[in-house]
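Here is a short tour for the bench, best read with the viewer open. Take a moment to rotate the view before reading on.

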Amino acid sequence: VEIRSNTITDNVGAGIWLSGADTTITGNTITGGSDGIQLGAGSPTVIDNTVEVGGRGIWVGATSTAIVAGNTVCGTEASIHVVDGAEPTMGDNELC
């Protein structure tokens, strides 16, 4: 399953929230809301997204083994937040 090429603006809560799935999240733009992408359990792949929100850009939950790479995360309270116990693979994310 893929969540691809969406534009999400001024969301309340997470623009994309996913738990317990091995989904690919790619090519999405999330701006102006409270949180960007929130990942619970599972092994999703989060690549090539743009997130500019007021809260957490990408939040990786405690049992997640996500791949988080090639994302641009700017202007957030916490660019990428990894909860204790999570084991994500991170690479080439642009934080500003």
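Which strands make up the open sheet of five, and in what order? The order is β2-β5-β8-β11-β14, and the pairing is parallel. Please keep in mind that this is a predicted model. At the edges of this sheet lie β2 (7-9) and β14 (94-95), each pairing on one side only. Two bridges link β14 to β11 (residues 72-73) in the parallel sense, and there T72 faces E94 of β14.

There is also an open sheet of four strands, again with parallel pairing, in the order β3-β6-β9-β12. Its edge strands, β3 (14-18) and β12 (78-82), each pair on one side only. On average, neighbouring strands of this sheet are turned by 5 degrees against each other, direction ignored.

Two strand pairs, one from each sheet, can be set side by side:

| Strand pair | Sense | Bridges | Opposite residues |
|---|---|---|---|
| β6 (residues 35-39) and β9 (residues 56-60) | parallel | three | Q38 and W59 |
| β11 (residues 72-73) and β14 (94-95) | parallel | two | T72 and E94 |

As general background, strands of a sheet pair through backbone hydrogen bonds.

Now to the interior. The largest nonpolar core has 16 residues, and those with the most contacts inside it are I25, I37, L39, V46 and I58. Strands β3, β6 and β9 each supply at least two residues of this core. What does I37 touch, leaving aside residues up to four places away in sequence? Its contacts are I16, I25, I30, V46, N49, V51, G57, I58 and W59. In soluble globular proteins, nonpolar side chains tend to be buried together.

Definitions and conventions:
Residues numbered from 1 in each chain as written. Predicted model: local features only at pLDDT ≥ 70, side-chain atom pairs only at ≥ 80, totals over all residues. Heavy atoms only, no water. Pairing = 2+ DSSP bridges. Axes fitted to C-alpha atoms, helices over the stretch in contact; angles between N-to-C directions. Core = buried A, V, L, I, M, F, W, Y, C linked by side-chain atoms within 4.5 Å. Buried < 20%, exposed > 50% of the residue type's maximum accessible area, 1.4 Å probe, protein only. Contact = heavy atoms within 4.5 Å.
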